[in-house]
Amino acid sequence: MDHSGHGMTMDLPPFTLGRGLEWSADPFFLVACLAGLALYGWGVVRLVRRGDKWPVGRTVAFVLGVLSIMLMMCTGLNDYGMVMFSVHMVQHMVISMVSPILILLGAPITLALRALPTAGRGRKGPRELLLMFLHSRYMRIITHPAFTIPLFIASLYGLYFTPLFDTLMGSKPGHIAMMVHFLAVGLVFFWPIMGVDPGPHRPGYLMRMLELFAGMPFHAFFGIALMMASEPMVETFKNPPSSLGIEALSDQNAAGGIAWAFSEIPSVLVLVALLFQWYASDQRQARRTDRAADRDGDKELEAYNAYLASLNAQGR
């Protein structure tokens, strides 16, 4: 394949799944993903060596999340995504809505807080700096729904329907920055909703569901807008290479369909995760109540029975 400039491939053959899945690594994302996997693995090994347990499911979720990024950015999908709106939209949706959910289910911050050693008295090590960052005003702002929901929406409409998208696609650093932005937006949007890692905002389960559904319809509307358009709306994809054998408007319509369909996938994933968390939380609360009752001889129940007895005596 002949790449020019920042990776724009001008002579790609017609897209097939096999060609899209061929290895074609972006160095930045390859190094970043391998580093993420290595650090997570270090944390798990450190816990296991000292006799602590770490849920296998969390490790699996995190690894799948990182591998989903590599699948989008280190294969031919990244090459085709430079010239095909539909393939680019798959990249965007996965990196902003699937990868963040899986990574957050892996609870990397919780793992870091448990694995990092504490610094001596009066000193600040990596663990203390992480705690300071988690409790900073900056984190309270960027994880607040008043910030995350508008940012989630603006990442669609403010990017694709303005010249900013074409500017970013015009250089390799710009393209990398855009993809990192998609991932970051997904992480800060879903972090307070997923509620696995500690964070500044921890709303109740019902409020988390409302936050989730507040952003999803805008994805559907965005997809419908692309599907209903009568002409190409993004300059970058107006003139696809003739070797692809595609027509710009039909490819844009396909991109809109992908955006519309993906608005449902994360909703279902997160909703299932929230319901499991809600159930587990209720079970933990019930066990705490039972243990408290065992310790104090169920004084609360005795007091209630005494109250009923006093009402009965008054009724006589």
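The exercises below work through helix packing, buried positions and aromatic contacts in a predicted model.

**Exercise 1. Find how much of the protein is buried, and how its contacts are spread along the chain.**

Begin with the secondary structure, which consists of 15 helices and 2 strands. Next, take burial over the 316 residues of the protein, of which 41% count as buried. Finally, consider the contacts with a separation of 6 or more, and note that residues 24 or more positions apart account for 76% of them.

**Exercise 2. Determine how helices α2 and α3 are oriented to each other, and which residues make the contact.**

Start from the axes: those of α2 (residues 27-49) and α3 (residues 56-73) come within 9 Å and cross at roughly 170°. An angle over 145 degrees counts as roughly antiparallel, and α2 and α3 are therefore roughly antiparallel to each other. On the α2 side the contact is made by F29, L30, C33, G36, L37, Y40 and V44, while α3 contributes R58, T59, F62, V63, V66, I69, M70 and M73. Sorted by class, this contact of α2 with α3 holds 12 nonpolar, 2 polar and 1 charged residues. R58 of α3 can be followed further, as it lies over the face of W54, at 5.1 Å from the ring centre.

**Exercise 3. Carry out the analysis for helices α9 and α12, beginning with the angle at which they pack.**

Helix α9 (residues 145-160) and helix α12 (residues 205-228) have axes 10 Å apart and pack at an angle of about 5°. Because angles under 35 degrees count as roughly parallel, that value makes α9 roughly parallel to α12. The residues in contact are P145, I149, F152, I153, L156, Y157 and Y160 from α9, together with E211, A214, G215, M216, F218, H219, F221 and F222 from α12. By class, the contact of α9 with α12 comprises 12 nonpolar, 2 polar and 1 charged residues. For the aromatic rings, note that ring pairs link F85, Y157, Y160, F161, F165, F222 and F237 into a cluster. The count of aromatic pairs in the model comes to 17.

**Exercise 4. Decide whether I69 is buried or exposed, and list its contacts beyond its neighbours within four places in sequence.**

First locate I69, which is found in helix α3. Its relative accessibility is 5%, so I69 counts as buried. Leaving aside neighbours within four places in sequence, I69 is in contact with F29, C33, S99, I103 and L183. For C33, the C-alpha separation from I69 is 7.6 Å, although the two residues are 36 residues apart along the chain.

**Exercise 5. Place T75 and A107 in their loops, and establish whether each is buried or exposed.**

T75 sits in the loop between α3 and α4 (76-80). With a relative accessible area of 6%, T75 is buried. Beyond its neighbours within four places in sequence, T75 is in contact with G20, L21, E22, W23, S24 and M70.

A107 belongs to the loop between α5 (85-105) and α6, and at 0% relative accessibility A107 counts as buried. Turn next to its backbone: phi of A107 is near 50°, a positive value in a residue other than glycine. Most residues other than glycine have a negative phi.

**Exercise 6. Identify which residues of helix α6 are buried, and what they pack against.**

In α6 (residues 108-115), the buried residues are I109, T110, L111, L113 and A115. These buried residues of α6 pack against α2, α3, α7 (126-134) and α11 (172-194).

Methods:
Residues numbered from 1 in each chain as written. Predicted model: local features only at pLDDT ≥ 70, side-chain atom pairs only at ≥ 80, totals over all residues. Heavy atoms only, no water. Phe/Tyr/Trp six-rings, centres within 6.5 Å; stacked < 30°, edge-to-face > 60°. Lys NZ or Arg CZ within 6 Å of the ring centre and 35° of its normal. Axes fitted to C-alpha atoms, helices over the stretch in contact; angles between N-to-C directions. Helix = DSSP H or I, 4+ residues; strand = E, 2+ residues; numbered from the N terminus. Parallel < 35°, antiparallel > 145°, perpendicular 65-115°, else oblique. Contact = heavy atoms within 4.5 Å. Nonpolar A, V, L, I, M, F, W, Y, C, P; charged D, E, K, R; others polar. Buried < 20%, exposed > 50% of the residue type's maximum accessible area, 1.4 Å probe, protein only.
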